[in-house]
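Here is my notebook page from an afternoon of looking things up. Have the structure open beside you and follow along.

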Amino acid sequence: MSTSKNLLSFTPQEFVLFLKQQNIRRCYFVFDLKTKTVRVSHPELQPLAEFFQSDTRDFDTHEGIFLQVSNKYDTLQGAFVHRTWRGQAAGGVRYWSYHTLEGYLRDGLRLAKGMTHKNALAGLWWGGGKGVMAHNPKIEKHDATVRAALYQEFGEMMTSLQGCYVTAEDVGTNVADMTNVFSKTRFTTCIPPSLGGSGNPSVPTARGVVCGMKAALEFLGEKGLEGKTVAVQGMGNVGAPLIKFLFEKKVKKVIACDINQQLVENLKYEFVGKNFEPREVPLCDHSFFETECDILSPCATGAVLNPKSIPLIKAKIVCGAANNQLEDPRRDDAELFKRGIVYVPDFLTNRMGIVTCANEQYGYVNNDPEIEQHLNKKWTYSIHQVTLKVLRESKEEDVPPSSVALKMADKMSFVPHPILGHRGQKIIYSLVVNGWERS
Ligand code: NAD
């Protein structure tokens, strides 16, 4: 392999090989608040530090990026810690395939930043972060032994990071994986109820998306979901219960798509007798966005709202669970706004997963008011109220809704934790001083 090849264009596995050749198992990129520069653990990785330093959009002064190569199965594992003023960086761990190292890093950065905004806007005392594992195509990722080893090593990484980041479940990760993470660290949520956790957060997440849809309809002067047609992209953990809730709200029709043929077949039987139209679609197909419907709900992956898909949209509302739906937040938010499409920012409406996880350590009560308040219409910080506030402010100020919500969330994300202050930053500096990269 040519070492002159730009590191960012390496595949994750080429990068793993590169790290191994340099005898690097762990490395970090830490933003120094005093010098406003990115400190890197190894000089060989300086080009990546420069990439972060020059990227104002996705990097946005992340407090720390920590990478490791798993001892078993040569998998690139990372923790992206964006901002910890409100508390420990919290967000799930994604297990996904990436073509390039840049794609991997950008996904981690965008997802972590999204968590900062989501947690702040929900009023949680958490910062924002994300874990990302890049699938090594040479391994069998469905093998339970392989998964156990990978997630246990990720758990060990959490422990080594001393709590600046608390992980959770995300796309590609399941509850069994979280049990493996939990076997090696206390810095995780979303563990199974049998171990004292709140379990899979997808059902509350789907309930939150329904709240966002209802608020958007109210903003448009419409009564509610009854009689509406909703198009749902992705019928996974969130999409499937969302479809169920939509039928409970008496929608006229649900059109849904997925790339997973088995899932499409299963859901067809689950909703038999309902006005349900499931479609199997290829991975890079944009045609679903031109579906005739009132509400389009992206519940699959990120970056789906972009210059290719936005011109196709026929819905008057876009509201879904997928994280980071806007490929380029500034450009795509403005484009939706220009087209008069009401966009409910993802980090506002998909908060319930993290809300449920965030409360795990406080124990459980029936119909927990700390959780239910996010879903009611009255509480100032409920999804309904915040959505209405954002959409009204957007209209009054003639500014796209995501920009309004981001401004609110950004301001809130710098409020220091009322008891512990900006402790996450201190933890990160301790890791640097202690030589985390050699641990
Ligand atoms: P999931 O993996 O269970 O479901 C996603 C589904 O989308 C899968 O069935 C997949 O086959 C499908 N898919 C992928 N690409 C597609 C495409 N191009 N077209 C159609 N279908 C496609 O994930 P999930 O837990 O349901 O989460 C969905 C989204 O919501 C993700 O972006 C996730 O980050 C976000 N989210 C989830 C939660 C949660 O509680 N699970 C919370 C907040 C945000």
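**Entry 1: where the domains meet**

I looked up the contacts between the two domains and found that 27 residues of domain 1 touch 24 residues of domain 2. A reminder to myself is that this is a predicted model. I checked the bounds too: domain 1 is made of 4–200 + 426–438, and domain 2 covers 202–403. Their C-alpha centres are 27 Å apart.

Next I asked how much area the two domains bury between them. I got about 2100 Å², with 56% of it on carbon and sulfur atoms. I then looked for the residues of domain 1 that give the most to this, and Arg110, Lys118 and Leu121 came up. Together they supply 30% of the area domain 1 buries against domain 2, more than any other three residues.

**Entry 2: around the ligand**

Which residues are closest to the ligand? I noted Thr205, Asn237, Val238, Asp258 and Asn323, from a shell of 25 residues. Sorted by class, this shell holds twelve nonpolar, nine polar and four charged residues. I also wanted to know which domains take part, and the shell draws at least three residues from each of domain 1 and domain 2.

Then I went through some polar contacts of the ligand.

- The side chain of Asp258 has an N or O atom 2.6 Å from a ligand oxygen.
- Ala300 uses a backbone N or O atom, which lies 2.9 Å from an oxygen atom of the ligand.
- At Leu283 I found a polar backbone atom 3.1 Å from a nitrogen atom of the ligand.

How much of the ligand does the protein bury? Taken alone, the ligand exposes 820 Å², and the protein buries 88% of that. I finished by looking for the elements that give two or more residues to the shell, and these are helix 6 (202–219) and strand 10 (253–258).

**Entry 3: a stop at Val40**

I picked Val40 for a last look and found it in strand 2, residues 37–40. Which residues does Val40 touch, leaving out those up to four places away in sequence? My list reads Tyr28, Phe29, Leu45, Gln46 and Ala49. I also compared Val40 with Val433, which is 393 residues away along the chain. In space, the C-alpha atoms of Val40 and Val433 are separated by 13 Å.

Technical notes:
Residues numbered from 1 in each chain as written. Predicted model: local features only at pLDDT ≥ 70, side-chain atom pairs only at ≥ 80, totals over all residues. Heavy atoms only, no water. Near = heavy atom within 4 Å. Polar contact = N/O pair within 3.5 Å; in protein donor to acceptor, adjacent residues only side chain to side chain. Areas by Shrake-Rupley, 256 points an atom, 1.4 Å probe, with all protein chains shown as cover. Helix = DSSP H or I, 4+ residues; strand = E, 2+ residues; numbered from the N terminus. Nonpolar A, V, L, I, M, F, W, Y, C, P; charged D, E, K, R; others polar. Domains from an automatic or database assignment. Contact = heavy atoms within 4.5 Å. Buried area = accessible area lost by both parts, 1.4 Å probe.
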